[in-house]
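Subject: Structure for you to look through

Dear colleague,

Here is the structure I promised to pass on, and I would be glad if you read the notes below with the model open beside them.

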Amino acid sequence: MWWGGRGQSFNIASPKEEPEMGGSRMLENRSGQPGSCLASGCLPGEQILAWSPGLRKGLEPELPGTLICTNFRVTFQPCGWQRSQDTPLSSEYDFALVNIGRLEAVSGLSRVQLLRPGSQLKFIPEEILIHGQDFRLLRVGFEAGGLEPQAFQVTMAIVQARAQSSQTQLYVGITQRKAAQGSGFRKPPIPLLETLEDWESERKKQGARGWRLSTVNERFDIATSLPRYFWVPNRTLDNEVRRAFGHFHQGRGPRLSWHHPGGSDLLRCGGFYTASDPNKEDIRAVESMLQAGHSDVVLVDTMDELPSLADVQLAHLKLRALCLPDSSVSEDKWLSALEGTRWLDHVRSCLRKASDISVLVTSRVRSVVLQERGDRDFNGLLSSLVQLLSAPEARTLFGFQALVQREWVAAGHPFLTRLGGTGASEEAPVFLLFLDCVWQLLQQFPVEFEFSEFFLLALHDSVRVPDTLTFLRNTPWERGKQSAQFNSYTQMYTPEYSSPSAEKSVNLQLSVWDWDLRYSNKQILQFHNPRYAREHYPDLRFPRQQPSLMLPGPPNSVWLFSRGALTPLNQLCPWRDNPSLLTVSSRWLPRPAISSESLADQEWGLPSHWGACPLPPGLLLPSYLGPQIRLWKRCYLRGRPEVQMGLSASTIAGLQDELSHLQELLKKWTSRISPEDHCNRDDPNNILPQSR
């Protein structure tokens with residue numbers, strides 16, 4: 001996906017030799033009939049539909065090899081390259097069928113056909129272009145000399161395979177392979193938050209003593225989009241939780257996302273279901289859960305000043321069209337076109353909102369409630385960014401993976417719908433917008449994060465690779481149901497694998513965090529940021545004990561945070577006036593903030609007789625104005641290798657590869673200099689006079 005082949009030397013095989021995958025013969029014959037793979041080279045159930053010798057273009061140097069289409073993926077195998085048996089999928093050469101966004105066939109200089117699933121190819125192609133939805137590009141040219149039928153066959157095989165691709169089949173195949181290789185229980189790299197023990201361990205790690213684990217949704221009776229377990233205030237009974245959640249959109253009532261070491265709590269919930277008619281006990285339960293034992297409550301209108309789902313989708317489509325190698329936008333207008341996509345504006349809005357909320361959480365001991373109607377998109381984005389800005393442990397590789405698992409996967413973000421896997425109109429890559437925001441933080445605070453840009457790229461690309469159920473389902477309920485079906489299905493469908501005994505069971509529920517599915521150990525090492533200053537945070541996997549510098553908020557106060565300012569509210573719930581909550585005194589009223597820094601000044605400086613307090617240790621306040629927000633070139637411009645040169649490599653080997661590539665280009669350009677240029681260079685009249 002992002003480790004290219006620059007500077008590598010390949011053992012170029014003859015086109016007549018059999019292509020190999022993992023060192024085993026892949027094809028049964030040379031007749032173009034679909035072949036089959038041995039287990040060491042392909043996944044169980046994977047079959048080759050067609051193949052053709054070709055030349056991968058767009059790289060320097062261009063790579064000869066074989067283009068192969070199977071019922072799971074399209075792969076380009078360079079001559080002499082062998083697939084590792086430990087990684088059944090390649091992060092560089094494989095395109096999952098579901099990841100193909102656009103397929104084009106080219107003949108001559110002007111004949112181009114866009115091939116959709118079910119299309120019929122009208123000519124024998126000289127070249128095909130496979131545009132991945134992850135911004136990758138696979139460009140393969142076919143050789144002449146009697147091989148044209150194979151080029152036609154492999155192109156049509158890709159068209160037909162896209163129409164018949166099955167995400168579940170690929171997941172089953174990869175999991176079967178890993179289950180067969182495993183000798184026992186495979187422990188997840190991070191807690192998947194599917195058990196009571198996982199949730200209780202996370203609560204203790206955060207030091208959330210005022211919260212307990214609720215099991216009211218253990219059978220998904222409250223909401224299928226919620227996890228089976230979540231945290232509620234200690235004093236709230238389960239029957240009160242059940243009643244209170246019924247007055248929120250989709251049953252997603254208030255629950256804890258993160259407990260700040262200084263005492264504040266960050267909550268998230270859906271919008272109030274105003275059509276309901278709660279009684280006094282229900283309203284009291286809702287208020288108690290929102291207050292979470294605090295006298296100061298801030299309701300954050302999540303969608304205020306943030307883009308809509310339709311805005312995010314439109315911006316992403318424009319960005320992808322602009323970053324294609326064949327974009328019609330001229331270079332002198334490219335930056336204006338980038339600004340016109342509004343993608344960077346949306347990144348900027350998210351960072352500013354998260355910065356403001358971080359100030360609210362860390363400045364005073366209070367309850368901060370993120371409220372979004374569906375509670376499944378921007379609540380997760382803002383909650384995750386707030387924790388990255390406020391908690392150093394979330395910036396570790398382990399902590400960030402755990403954060404995504406908790407705030408996105410377990411919280412029920414509809415990955416499949418938002419990434420276009422269902423064909424519904426609600427497609428919008430909110431999670432990819434979040435990853436861009438995280439990349440911006442890496443650029444501004446390069447020593448504060450343990451993970452690298454390459455890790456973010458791997459995670460970005462993993463949402464399009466159907467190898468686990470992490471991003472293949474919309475809810476924890478769907479994910480668990482599919483996993484249960486798979487477990488029974490595997491024992492019936494794979495007689496070649498012995499059934500695991502009760503004493504030696506195999507954990508088949510792999511997650512995206514099992515990186516060895518697609519990445520070698522050498523690649524995984526590049527997930528780590530070499531500039532990370534770990535000595536600043538010595539023991540991040542355990543709760544941090546720090547003296548609280550946070551100020552108490554005004555007594556019995558309720559605020560609405562909107563457009564950079566806190567507005568006092570007379571009531572917490574929308575159903576009726578609540579006389580128990582007092583009107584906030586005018587001496588507490590802040591001015592609208594023009595930036596997170598000004599909001600911080602207000603929060604730490606009010607009231608004046610308290611004086612100003614220093615920023616909490618570990619809090620990051622990013623810049624989001626003007627050129628501070630940049631384009632993620634290594635991600636979005638991967639289809640244009642010439643743009644990648646000059647980007648900093650993460651390893652010495654990477655720098656050596658780029659240096660070798662630049663030296664090769666310099667030799668080519670030098671050989672193209674005309675004799676006239678040499679004469680002009682040697683002409684003394686063309687040399688500027690030197691200063692005396």
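What follows is a description of the overall make-up, the nonpolar cores, two helix pairs and two single residues.

This is a predicted model, in which local features need pLDDT of at least 70 and side-chain atom pairs count only at pLDDT 80 or more, while totals for chains, interfaces and linings use all residues. Residues are numbered from 1 along each chain as its sequence is written, and side-chain values use heavy atoms, with hydrogens and water left out.

To begin with the whole, the protein has 20 helices and 21 strands, where helices (H or I, at least four residues) and strands (E, at least two) are DSSP runs numbered from the N terminus. Of its 692 residues, 54% are buried (under 20% relative accessible area, with exposed meaning over 50% and partly exposed in between, for a 1.4 Å probe and protein chains only). If one takes the contacts (heavy atoms within 4.5 Å) between residues at least 6 apart in sequence, 70% of them join residues at least 24 apart.

In soluble globular proteins, nonpolar side chains tend to be buried together. A nonpolar core here is a set of buried Ala, Val, Leu, Ile, Met, Phe, Trp, Tyr and Cys residues joined through side-chain atoms within 4.5 Å. The largest one has 85 residues, and those with the most contacts inside it are L381, L385, L388, F400, F431, F434 and L456. Helix 12 (residues 430–444) gives the largest share of this core, 11 residues. Apart from this core lies another, of 35 residues, among them W231, F248, A292 and L299. Returning to L385, and not counting residues up to four places away in sequence, one finds that L385 touches C350, L351, A354, F434, C437, V438 and L441.

Next come the helix pairs. Helix 9 (residues 378–390) and helix 10 (residues 397–409) pack at an angle of about 155 degrees, with their axes 10 Å apart; axes are lines fitted to C-alpha atoms, for helices over the stretch in contact, and angles run from 0 to 180 degrees between N-to-C directions. The two are therefore roughly antiparallel (over 145 degrees, whereas under 35 is roughly parallel, 65 to 115 roughly perpendicular and the rest oblique). In their contact, G380, L381, S383, S384, Q387 and L388 of helix 9 meet F400, L403, R406, E407 and W408 of helix 10.

Helix 6 (residues 309–323) and helix 7 (residues 334–341) pack at about 160 degrees, with their axes 8 Å apart, which makes helix 6 roughly antiparallel to helix 7. Here A315, K318, L319, L322 and C323 of helix 6 meet W334, A337, L338, G340 and T341 of helix 7.

Finally, two single residues deserve a look. G618 sits in the loop between helix 16 (596–605) and helix 17 (633–636), and is partly exposed, with a relative accessible area of 23%. Leaving aside neighbours within four places in sequence, G618 is in contact with L389, S390, P392 and R395, and its C-alpha atom is 9.6 Å from that of E393, although the two residues are 225 residues apart along the chain. D296, by contrast, is found in strand 16 (residues 296–301) and counts as buried, at 0% relative accessibility. D296 and R364 are 68 residues apart in sequence and 8.7 Å apart in space, C-alpha to C-alpha.

With best wishes
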